[in-house]
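This note offers several points to consider while examining the model. Please read each one with the sequence and the structure in view.

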Amino acid sequence: MRIVIARCQVDYAGRLTAHLPLATRVIMVKADGSVLVHSDGGSYKPLNWMSPPCTLTVSDPGEDATGDGVTAVWTVQNGKTDDRLVISVHEILHDSSHDLGVDPGLVKDGVEAHLQVLLAEQVETFGAGWRLVRREYPTPIGPVDLLCRDHEGVAVAVEVKRRGEIDGVEQLTRYLDLLNRDPLLAPVRGVFAAQEIKPQARTLAVDRGITCVTVDYDALRGVDDPTSRLF
């Protein structure tokens, strides 16, 4: 991973346009090719980013840009669309690269891990005629919780969370992008399953064609009390 702290301005062009005026920011270039621009705030979410597949090209600025103080132009081009991220660097304050090695992946908490096991055993929770292909189906960026086939035989990637938030939807989106490159699986659709799904996460999932399913942990464990339900 390369970490750069720089005074820069950032412009995104493609399906939408966005502009970040000149300021000091952190630029992260990951081994998978993704580029993220962070500020010293806003929690974990970057101000702007480009997900792989993409390419980073560094070039000299034009005369006008040089006159404005730009020392280098980073162009991050999406490999599938015309979307691009242009970072106009004025000054680099820090530049370092680090080999983080192979990440062991996220260790799920007890409830989330058990929820995945229960759903694998009761896959027809998602619909009659569903069958499990494999738990922890491998991809180059980590395993998909469940790979299933629905009643029509269509492949479905299921991401299981205790609490469904936007980062979970982003994670499933990346898995789907990779799985749909496999001609033996494609087309692969996605299901985002959780005990609770935040409204923003549900909106993002629907926008990306991902189905949201709210699951009842106690019912799956067989400890649900039917007398406590209205219907």
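In which strand is E136 found?

1. The model under review is predicted. In it, E136 belongs to strand β8, which covers residues 131-137.

2. The backbone at E136 deserves attention. Although E136 is not a glycine, its phi is positive, at about 50°. As for its surroundings, E136 has a relative accessible area of 28%. This residue is called partly exposed because that value lies between the cut-offs of 20% for buried and 50% for exposed.

3. Elsewhere, 7 strands form an open sheet with antiparallel pairing. Their order is β4-β3-β2-β1-β7-β6-β5. At the edges stand β4 (48-50) and β5 (54-59), each of which pairs on one side only. From one strand to the next, the twist averages 30°.

4. The pairing of β3 with β4 may be followed in detail. Strand β3 comprises residues 35-38 and is joined to β4 by 3 bridges, the two strands running antiparallel. Across this pair, L36 of the sheet stands opposite W49, a residue in β4.

5. A cis peptide bond leads from P52 to P53, with omega near 5°. P53 is placed in the loop between β4 and β5, and these two strands are the edge strands of the sheet described above.

6. A cis peptide bond also joins A186 and P187, where omega is about 0°. P187 lies in a loop as well: the one between α3 (166-179) and β11 (188-197).

Terms used. Residues are numbered from 1 along each chain as its sequence is written. This is a predicted model: local features need pLDDT of at least 70, side-chain atom pairs count only at pLDDT 80 or more; totals for chains, interfaces and linings use all residues. Side-chain values use heavy atoms; hydrogens and water are left out. Two strands pair if DSSP finds at least two bridges between them. Helices (H or I, at least four residues) and strands (E, at least two) are DSSP runs, numbered from the N terminus. Axes are lines fitted to C-alpha atoms, for helices over the stretch in contact, and angles run from 0 to 180 degrees between N-to-C directions. Buried means under 20% relative accessible area, exposed over 50%, partly exposed in between (1.4 Å probe, protein chains only).
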